[in-house]
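Me: I would like to learn how to read helix packing and sheet order from a set of coordinates. Could you take me through one case?

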Amino acid sequence: MASFIPPRIKGRLHALMSYIRMLFIVLYFVFSFAKFDLVVVDQITLPIPILRLFKYKVLYYCHFPEALLNDNKRTFLVVIYRKIIDTIEILCMYLANVICFNSEYTRSSLEATFPSMRKWKGGKYIVYPCMQAPPAKVMPQPQLNSLISPKEYLLTVNRFETRKRLDLCLEAFALAIKKCEKLRNDQNFKLVLAGGLDAKNADALVCRRELADLAKKLQIDHRVVMRENITQEEKEYLLSNSYLFLYTPPNEHFGIGPIEAMIRSVPAVGINNGGPKETIENGETGFLLRSDPAEWSDCIVDMVSRLIY
């Protein structure tokens, strides 16, 4: 509906443009005079006071405080810009009837960032994101057959962004190959990095290039497959046929990736903080590790040696 409003201006002001887009949407909504018992507001809090003004009850679903998602350089202008955005976020949030969080980690992070929210009198609940069950039949993907073999690859699915720490996958895989002779000799066993790549996002493009350079530096580029902007069918195939799922983002507010893997009986490895601590049962459905390539490589060697060879 608001697609004519650009998401960024010269790669910047993403938060501001998101607010403008949402303002347009909520004004369109309220002046349509639609009647609903409850309106769910997702992620951006700006619509909440407008909806309350028009007598709507509002449930706000909080993914993570916008203040903690910002990773821009802290120049004077950026500090002022962020202060304005963060103030709008929390003041609007106060006006919700109910706030739901995608994890206990998100709730505690919000209250640490905005201590006044600890005394907020409205209802606060943890509501984990749900997902569809896997399809009964996984469609073949001929374009992947020449690159990988079923159950002979490690998989990570995430956006190509520096803060997602995909470099940890490469470093751990390279160390695992050095430690395990059978894995070293099995050239068919690979690492697949798959996910979204925003061609307009400079950080994403730099991240993709640096990952390719790192794979070459570690001398594993012939065993690393990178797939950008995969289709849902490709994602389903990759998840269902992977051997082990690697989830590297630190302090992730929830992290749907491990859930998508575990529901397909694929064990997941994640960082021992953030949302994965609430979704991965260490030693049962997967493993929770420090952000240490050596520790991850030991886990990979153990899993590969124990279950394949």
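Reply: What follows goes through the sheets first and then a pair of helices. This is a predicted model, in which local features need pLDDT of at least 70 and side-chain atom pairs count only at pLDDT 80 or more, while totals for chains, interfaces and linings use all residues. Residues are numbered from 1 along each chain as its sequence is written, and side-chain values use heavy atoms, with hydrogens and water left out.

Me: What is the strand order in the open sheet of four strands, and how is it paired?

Reply: Two strands pair if DSSP finds at least two bridges between them, and helices (H or I, at least four residues) and strands (E, at least two) are DSSP runs numbered from the N terminus. Here the order is β1-β2-β3-β4, with parallel pairing. The edges are taken by β1 (39-42) and β4, each with a single partner strand, so one side of each is left without a neighbour in the sheet. From one strand to the next the twist averages 20°, where axes are lines fitted to C-alpha atoms (for helices over the stretch in contact) and angles run from 0 to 180 degrees between N-to-C directions.

Me: Which bridges and which connection link β3 to β4?

Reply: Strand β3 (residues 98-101) and strand β4 (residues 123-126) run parallel and are joined by four bridges, with C100 opposite Y125 in β4. Between them the chain passes through helix α5 (residues 104-113) in a right-handed β-α-β crossover; a crossover is right-handed if, with the strands pointing away from the viewer, the path from the first strand over the helix to the second runs clockwise.

Me: What is the order in the open sheet of six strands?

Reply: That sheet is ordered β7-β6-β5-β8-β9-β10, again read with parallel pairing. Helix α9 (residues 202-217) packs on the sheet and touches β6 and β7, its direction making about 170° with that of β7; contact means heavy atoms within 4.5 Å.

Me: How do α1 and α4 cross?

Reply: Two packed helices are described by the angle between their axes and the distance between the axes. The axes of helix α1 (residues 14-30) and helix α4 (residues 76-94) come within 10 Å and cross at roughly 40°. The crossing is left-handed, meaning that the near helix is turned anticlockwise from the far one by less than a right angle. H14, A15, L16 and Y19 in α1 meet Y81, R82, I85, I88 and E89 in α4.
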